[in-house]
Amino acid sequence: MDAIYSAQEQIKQDLGLSKVKVIHNQNYQRHGTKSYVHLLNRFGFQPTKPGPYFHIDRVKQHGILPEGFKAALGGTARTERALVKKADPGDGDGTAEVTAEDQQNDSMYICKVGIGNPAQELLVDFDTGSADTWVCSTLQGKSGQSGHNIYDPKKSKTFKKMPGKTWKIQYGDGSTASGDCVSDTLTLGGLSIKKQTIECASELSKQFAKGTSDGLLGLAWGKINTVKDSGEKDPQATPVENMIKQEDIPKESELFTSAFYSSRDKKAESFYTFGFIDQDLVKKSGQDIHWTEVDNSQGFWSISSESCSINGEKIELSGNNAIADTGTTLALMGDKVVEKLYDQIPGATYDWSNQGYIFPITVKADDMPEVKVAVGDQEWVIQKEDLAFALTDDKKNWYGGIQSRGTMPFDILGDTFLKSVYAVWDQGNKRLGLVPKIEDTQNLDPPPDGSGADGEKERINSVDILSDDAKETEVVPA
C-alpha cells in the first residue's frame with residue numbers, strides 16, 4: 001500500500017484534491033417506520049413480518065373501450081405492483097394508498113458539488129445504491145424550484161444538449177422523478193469531471209420534491225442508470241466511471257472513500273474523498289485495509305456476507321450476499337438473524353404498527369449485544385449506539401437500526417453498518433476496503449437530528465444551508 005499511498009499523495013497535491021464535507025441535514029427527522037417504508041418503496045420487496053405496509057398486484061387495463069370494440073381494437077390488461085397500507089390488522093382486505101407522509105423523503109447526509117462553468121453549487125445525496133445523477137433544474141416550474149439551489153444549463157459555458165436523452169425513476173407507490181439530459185462539467189473534491197451526463201429534473205412527485213437536497217449523485221455502476229435515448233435504454237456513465245474513463249486520475253486513485261459519524265458524535269466530521277485514501281484514519285484504526293471482491297454484475301456494490309455473530313454466537317449464512325449502500329439509513333438482514341439479535345436485547349419486541357423491532361429507551365449500552373457482520377472473510381462490529389436508530393412516536397422505545405429484509409435475497413448494509421467503518425470503494429479494482437471506526441464511548445442518548453426529543457425544529461431550505469456552509473468553511477481540511 002505504501003506505493004499506492006505515495007502515488008495518491010502526489011496526485012492529491014497536483015490536482016488540489018480535498019475532502020468533500022458531509023453536511024448533516026438539520027431537517028432530517030429520524031423515523032424508523034418511515035425509513036422502512038421508503039425501503040419497501042425503493043427496493044420493491046415484500047415484507048415477511050406483519051405490519052401496515054405491503055405490496056399488492058393490481059390489474060391495470062389499457063385501451064378500455066365498450067365491449068363491442070375490445071376484440072377489434074385489442075384492449076389489453078397487465079399487472080402492476082403497488083405499495084399499499086392498512087390502518088389496522090383487523091381491516092381485512094381494505095387498503096389505502098401510500099403517500100409522501102408515510103415515508104422518509106429526506107436524506108440524513110448531503111454534500112456540495114459544482115456543475116458547469118462557472119460552477120453552480122448544489123447540495124446532493126451521494127448514493128452508492130443508484131447510478132443516476134439528477135438535479136433540480138430550470139426545466140421545472142417555478143413552484144418546483146422553490147427552496148432549492150437550481151442548475152441552469154444556459155448559464156454554463158460547458159453545457160451541451162443531449163437531444164432525445166431522457167430519464168425517469170419510478171417507485172412502487174407511483175412516485176416519479178423525470179426529465180431531460182445535458183452534458184456538463186461536474187466538480188467535487190477538487191476534481192473536474194468533463195462531459196458528465198446531468199439528468200435535469202422537469203417533473204418531481206411530492207415524495208421527491210419534499211427532500212432538502214437538490215438532487216442525487218449516483219455512485220453505483222452505470223449499467224443501472226435509467227437514461228433512455230428516444231425510448232431505448234442508453235445507460236450513462238457515473239461520475240466515478242467518467243473520472244476513470246477520462247483518466248482524470250491515475251490507476252492507483254480510481255476510488256472514493258466514505259467516513260460517516262453519528263450526529264451524536266459532536267466533534268467528528270463525516271466526509272467523502274475522491275481519488276485518495278485518508279491515511280491518518282487508516283492508521284488510527286490500527287489495522288491494514290481489508291479488501292473484499294465486489295460483484296457488480298447487477299450494478300450494485302455487492303459483497304459476500306456469509307456469517308454474523310451476536311454476543312459471540314456465530315450464525316452461518318452460506319451463500320449470503322449484501323449490498324453496501326450509502327443511500328440506506330438502516331441495515332436489512334434475514335429474519336433468522338434479526339430475531340436472534342432482538343432476543344438478546346432486554347424488552348425488545350416486534351411491533352405491528354411500527355412494522356419493526358423496538359426496545360425500551362431504558363436499555364443501556366452495556367445491556368446491548370455485540371453484533372458483528374461479515375464482509376468477505378472478516379466480521380465487523382456494528383456500534384451499539386447505531387442499533388438504536390430512532391425514537392418511536394410514543395418516545396418510550398427505540399426503533400432498531402437492523403430490520404427484516406423481507407423477501408429480498410440479499411442484505412442491505414446501510415448507514416447503520418457504514419458508521420462503524422471507514423470504507424474504500426475501489427471502483428477501478430472492483431473491491432471494497434474496510435477498516436474499523438468505532439467510537440470510544442457508545443452514546444444512546446436521543447440524537448439531536450430530529451428524533452423528536454426536543455420537539456420540531458425550524459425547517460431550513462437548501463439555499464440557506466449552502467449559504468450557511470459557505471460562511472463556515474469552503475472545504476474540510478484534507
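How many residues sit between β9 and β10 in their hairpin? There are two, and G189 in that turn has a positive phi of about 60 degrees. Keep in mind that this is a predicted model. Below is a quick tour of β9 and its partners, a four-stranded sheet with a helix on it, the largest pocket, and a few backbone oddities.

**β9 and its partners**

- Strand β9 covers residues 176-188, and 11 of its 13 residues are buried, so the rest of the structure largely encloses it.
- On the hairpin side, β9 is joined to β10 (residues 191-204) by 11 bridges, and the two strands run antiparallel. One pair to look up here is V182 with its bridge partner I198 in β10.
- β9 also runs antiparallel to β8, with seven bridges joining them. Among the pairs, I169 is matched with A177 of β9, and K160 has S183 of β9 as its bridge partner.
- Strand β5 (residues 109-115) pairs with β9 too, in the antiparallel sense and over two bridges. I115 is partnered with L186 in β9.
- β8 has a link to β12 (residues 228-229) as well: two bridges, antiparallel. Here K165 stands opposite D229 of β12.

If you're scrolling along these strands, a general point helps: side chains in a regular strand alternate between the two faces of the sheet.

**The four-stranded sheet and its helix**

- This one is an open sheet with antiparallel pairing, and its strand order is β19-β18-β24-β25.
- Why do β19 and β25 each have one side without a neighbour in the sheet? β19 (313-316) and β25 (378-382) are the edge strands with a single partner strand each, so nothing in the sheet flanks their other side.
- On average, neighbouring strands in this sheet are turned by 25 degrees against each other, ignoring direction.
- β18 (residues 307-310) and β24 (residues 371-375) run antiparallel and are joined by three bridges. I310 has V371 in β24 as its bridge partner.
- Helix α8 (residues 335-343) packs on this sheet and touches β18, β19 and β24. The direction of α8 makes about 165 degrees with that of β19.

**The largest pocket**

- The largest pocket holds about 980 Å³ of space.
- Its lining has 46 residues, and those nearest the centre are H38, R42, D127, Y171 and L216.
- Elements giving two or more residues to this lining are α2 (32-43), β6 (120-127), β7 (134-136), β8 (160-170), α5 (206-209) and β11 (215-218).
- α2 gives the most, with six residues.
- By type, the lining residues split into 21 polar, 18 nonpolar and seven charged.

**Backbone oddities**

For background, most peptide bonds are trans, and most residues other than glycine have a negative phi. These spots depart from that pattern.

- N117 and P118 are joined by a cis peptide bond, with omega about 0 degrees. P118 lies in the loop between β5 and β6.
- K195 isn't a glycine, yet has a positive phi of about 55 degrees. K195 sits in strand β10 and, at 64% relative accessibility, counts as exposed.
- K395, another residue other than glycine, has a positive phi near 65 degrees. You'll find K395 in the loop between β26 (388-391) and β27 (397-400), and its 36% relative accessibility makes it partly exposed.

Key. Residues numbered from 1 in each chain as written. Predicted model: local features only at pLDDT ≥ 70, side-chain atom pairs only at ≥ 80, totals over all residues. Heavy atoms only, no water. Pairing = 2+ DSSP bridges. Axes fitted to C-alpha atoms, helices over the stretch in contact; angles between N-to-C directions. Contact = heavy atoms within 4.5 Å. 1 Å grid on protein atoms, 1.4 Å probe; cavity = no way out; pocket = protein on both sides within 12 Å on 5 of 7 lines; lining within 4 Å. Points joined across faces, edges and corners; volume = space filled by probe spheres on them. Nonpolar A, V, L, I, M, F, W, Y, C, P; charged D, E, K, R; others polar. Buried < 20%, exposed > 50% of the residue type's maximum accessible area, 1.4 Å probe, protein only.
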